[in-house]
Amino acid sequence: MSDTAQSFPTRVDISLTVNGEPVDARVDVSRHLVDFLRLDLGLTGAHAGCEHGVCGACTLQVDGEIVRGCLMLAAQLDGAEVWTVEGLTETGALADLQAAFVERNALQCGFCTPGMLFAAADILAQGGQPSRVAIREHISGNYCRCTGYEAVVDAIETVAGARARGEEVSA
Amino acid sequence: MNTQFVGQPIRRVDGRLKVTGGARYAADFNLDEHVYAVIVNATVGLGRIVSIDQAAATRLPGVIAVISHLNAPRLAYHPHKGAIDPATGERLHVLQGDQVRFYGQPVAVVVADTLDQAERAAAALSITYAAKRPAVDPSASDTTEIMAEASKGPKAYYPADTARGDADAALATAPVRIDAFYDTARENHNPMEPHATVARWDGDRVTLWSKTQFVVNEQAEIAAIFGIPTENVQVISPFVGGGFGTTLRTWSHVTIAALAARQVGRPVKLALTRKQMFFTTGHRPRSLQRVALGATPDGKLTSIVHEGRGETSRYEEFIEALTAGTGFMYSCPNVRTQYRIVPLDTGTPNHMRGPGEAQGMFALECAMDELSYELGIDPIELRRRNEPEIDESTGKPFSSRSLMPCYDRGAELFGWAQRNPAPRSMRDDREYVGMGCASATYPVLFSPTRARARLLADGTAEIEVAASDMGPGTYTSMTQVAADALGLPLDNVRFSLGRSDFPPAPPHGGSQTMASVGSAIRAACAAVLEAAARNREVRPIEAEGSAQRDPEVAARFSMHSFGAVFAEVGIDSDVGTIRVRRALGVYGAGRIVNPRLALSQCTGGMVGGIGMALMERTMLDARDGRLVNAHMADYLMPVNLDIDRLEAHFVDEEDPHVNPLGVKGLGEIALVGMAPAIANAIFHATGTRLRNLPISIENVLTA
């Protein structure tokens with residue numbers, strides 16, 4: 001092993017919050033965010049589907065932005081605020097979307113669903129009533145192999161309308 | 001039959017778990033003290049392993065074991081063939097020798113404390129090979145087609161040869177004929193969830209938390225491979241993140257997970273990467289087909305010739321329904337089908353949604369469309385003129401057949417009357433617009449199944465079957481069936497599946513789960529009600545029930561689902577981009593247990609058909625068998641923006657013969673018919689007939 005390799009740290013210490021709770025961890029520098037959450041913290045709601053940022057099954061939120069859990073390293077997370085589907089279920093931030101997905105049957109196997117919900121929440125956070133094409137475009141990085149997508153667009157459209165009118169969506 | 005819940009659009013009972021991240025898929029099971037296994041795959045397409053240098057890998061931190069054929073224990077590999085395994089040949093014996101049969105074959109496994117350490121060590125293994133050039137192209141001259149053992153003889157399920165009348169003579173003298181070749185690509189199922197197994201041994205018993213569509217087969221297969229009693233293997237698979245056929249078989253990684261766990265004496269988690277799924281979890285075989293049709297000038301078929309070839313591996317003979325629909329789809333006195341397979345240096349293919357029918361009906365339905373233009377007869381009218389009274393391939397009546405009602409309903413909903421029949425005649429701004437249609441079919445399968453029902457003191461019931469739910473909604477539909485059979489509210493019924501110690505179920509494939517498992521649950525519910533009436537004091541009280549198809553009824557009828565699929569495409573007049581503007585499918589599938597779930601299952605299948613038509617193709621490098629696009633960025637699949645308007649509909653169809661529930665199944669047929677409808681629409685839009693799938697922009701531009 002060369003001197004450079006020896007001086008390069010293989011593990012780093014990080015302090016962050018995950019779903020509002022403080023977490024201190026020493027992580028392998030190669031540890032992906034999705035693996036850190038799933039394997040080290042036991043938060044298995046984010047799913048690894050393609051390991052290179054295409055399928056969107058590991059989509060979650062870091063510092064208010066949606067990211068791919070498979071394209072970020074845990075080592076990048078010092079000081080970050082991470083939210084997963086488990087956490088946003090508890091806060092109720094996704095409640096209307098979750099209810100609409102169940103109501104409209106916008107899922108089958110459910111493997112893509114947590115990631116899909118984050119992408120959906122992201123376009124809804126922009127406010128207003130997005131067009132169906134805008135919805136389709138925004139969640140085109142979230143593959144679904146089961147439903148045919150139509151119901152997913154319906155569910156997001158319904159929640160956008162309800163939020164714009166200040167109504168509640170319930171299942 | 002009480003149908004308070006059956007037939008109703010009930011919300012899925014597992015919805016809440018799935019939208020909250022609470023549904024646990026195989027790789028979500030974290031055991032105390034488990035370690036990680038990473039498979040190393042061959043980087044040559046054929047040959048032999050010459051050496052494995054593991055010194056560098058073994059020195060890396062956290063590495064517990066490097067296991068290859070050099071040090072792996074000899075496994076028993078007792079004979080075992082499940083209902084979905086190829087009847088002829090022998091499954092891959094993994095890590096048992098130096099032979100490499102195909103690119104990506106597992107040649108070693110590394111076990112380490114963490115996933116990252118195992119991946120690093122896997123990359124550090126140095127393996128040398130003596131490589132030969134593999135044969136991976138079934139159309140190349142260095143391949144030879146064979147007649148599969150299991151397709152020989154007239155009683156074969158997928159016969160190699162069938163004939164009635166003299167199709168070749170009738171073709172030669174037909175006033176109108178078309179004769180063309182079709183080529184459909186190798187595809188991979190690509191469910192969203194990668195395969196994964198967590199294995200833990202307790203003495204000579206092993207528990208597998210594993211992704212599978214067939215838990216009792218996984219149990220039996222692993223027991224046979226390790227030479228242990230079946231009851232020593234427990235398979236647990238509560239949620240399956242999509243399957244489409246890929247998890248019907250128990251592939252080599254399950255064996256490797258169990259082997260690694262036994263070698264290191266600790267539980268092991270093994271999840272395949274997306275890339276590895278392309279190597280060793282089956283694929284839809286490429287097909288090469290010829291269809292020739294002869295007809296009278298007024299559109300009566302006089303001859304159908306359908307010759308098809310499909311890929312298989314060198315070590316197993318995979319066969320499917322490539323030519324199976326041709327004999328009964330249309331009335332015709334002279335029909336000949338021929339089905340051969342081509343052994344290649346690849347992994348064994350397996351069933352992928354609409355296995356065989358998807359490719360076979362592509363060829364037949366494109367040929368029917370070609371004939372319609374040759375005759376100047378509307379394609380739906382052509383099918384009407386050849387609608388059979390009975391299944392002419394067997395002489396039996398259909399238990400039900402709604403093909404023309406599907407076309408009639410579909411034509412009305414789709415606005416078929418607005419179609420100008422002339423090719424390249426319809427335009428919308430920059431786009432040439434084309435409308436096409438095609439028929440779909442899939443058999444109504446049924447397999448013997450057992451179910452257990454238990455009534456508890458609090459008035460609730462528990463139902464248990466070793467079934468699977470890869471997404472369509474087995475949890476929900478079976479809860480509906482049980483609630484009706486027991487006369488209980490839905491909330492008082494808890495249906496559990498996915499454990500090998502539950503009563504056995506058939507493979508969760510072939511569109512037979514609703515029929516088979518549903519019928520068994522009805523029987524178990526009736527049995528437990530009877531037991532409870534006899535003994536009013538004892539609770540909980542349980543009973544088992546089973547269901548099988550009445551052989552006399554099965555022998556009397558030809559049982560199939562039918563559907564009509566419509567597509568409208570837009571082809572950019574300058575750059576040739578192909579867009580499916582809308583698609584519509586109408587299906588006659590017997591009783592629909594839950595329309596909310598069934599419609600989704602259909603539109604999902606239709607999107608699979610759009611992928612087959614326009615995107616999906618696993619490419620192999622002819623020099624070394626390498627899978628060129630074994631990842632999601634280059635193996636294209638439809639994303640949300642690729643889909644515009646999609647509709648699925650059902651015609652009312654009562655079929656008292658198929659099974660006690662009157663259901664025909666939906667999963668498979670929903671993919672069949674979409675690809676030919678799109679290809680036919682592309683011809684209508686452009687006047688160019690494209691017979692190879694997937695159809696790409698280049699094909700449209702260069703045709």
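Here are some short exercises, with worked solutions, on a predicted model.

**Exercise 1. Find the largest cavity and work out which parts of the protein it lies between.**

Start with the inventory: the structure holds six cavities of 30 Å³ or more. The largest of these has a volume of about 190 Å³.

Next, look at what surrounds the space. There are 21 lining residues, and L92(B), W251(B), S252(B), T280(B) and Y315(B) are the closest to the centre.

Now move up to secondary structure. Two or more lining residues come from each of α5 (215–226), α6 (252–264) and α7 (274–280) of chain B. The helix with the largest share is α7(B), which gives three residues.

Then check the chemistry: the lining has eight nonpolar, nine polar and four charged residues.

Last step, the domains. In chain B, domain 1 (31–132 + 192–242 + 247–280) and domain 2 (149–187 + 284–444 + 556–702) both give residues to this lining, so the cavity lies between them.

**Exercise 2. Describe the second largest cavity by volume, central residues and lining class.**

Volume goes down on paper as about 150 Å³. Of the 17 residues that line this cavity, go for those closest to its centre: R145(A), G604(B), V607(B), G608(B) and E616(B). Notice the chain letters there, with R145 from chain A and the other four from chain B.

Sort the lining by class and you get ten nonpolar, three polar and four charged residues.

**Exercise 3. Do the same for the second largest pocket, and pick out the element with the largest share of its lining.**

The pocket has a volume of about 990 Å³. Its lining runs to 44 residues; closest to the centre are E119(B), A271(B), L272(B), T273(B) and Q276(B).

Which elements give two or more residues? Chain A puts in α2 (33–40), while chain B puts in β1 (35–41), α3 (115–124), β6 (126–131), β12 (268–271) and α7. The largest share is six residues, and that comes from β1(B).

By class, count 27 nonpolar, nine polar and eight charged residues in the lining.

**Exercise 4. Characterise the contact between the two domains of chain A.**

First get the bounds: the domain assignment gives domain 1 as 9–88 and domain 2 as 94–164 of chain A. Taken over C-alpha atoms, the centres of these two domains are 22 Å apart. Domain 1 of chain A brings 17 residues to the contact and domain 2 of chain A brings twelve.

For the size of the contact, the usual yardstick helps. An interface is often sized by the accessible area lost when the parts come together. Here domain 1 and domain 2 of chain A bury about 1,200 Å² between them, with 64% of it on carbon and sulfur atoms.

How many salt bridges are there between domain 1 and domain 2 of chain A? The count is zero.

**Exercise 5. Track down two cis peptide bonds and a non-glycine residue with positive phi, then place each in its loop.**

Begin with R539(B) to P540(B), where the peptide bond is cis and omega is near 0°. P540(B) sits in the loop between α13 (513–534) and β21 (541–547) of chain B.

Next comes the cis bond joining L693(B) and P694(B), with omega about -5°. P694(B) belongs to the loop between α16 (674–686) and α17 (697–702) of chain B.

Finish in chain A. N19(A) is not a glycine, yet has a positive phi of about 55°. Its loop runs between β1 (11–18) and β2 (21–28) of chain A.

Technical notes: Residues numbered from 1 in each chain as written. Chains lettered and ligands numbered in written order. Predicted model: local features only at pLDDT ≥ 70, side-chain atom pairs only at ≥ 80, totals over all residues. Heavy atoms only, no water. 1 Å grid on protein atoms, 1.4 Å probe; cavity = no way out; pocket = protein on both sides within 12 Å on 5 of 7 lines; lining within 4 Å. Points joined across faces, edges and corners; volume = space filled by probe spheres on them. Helix = DSSP H or I, 4+ residues; strand = E, 2+ residues; numbered from the N terminus. Nonpolar A, V, L, I, M, F, W, Y, C, P; charged D, E, K, R; others polar. Domains from an automatic or database assignment. Contact = heavy atoms within 4.5 Å. Buried area = accessible area lost by both parts, 1.4 Å probe. Salt bridge = Lys/Arg side-chain N within 4 Å of Asp/Glu carboxyl O.
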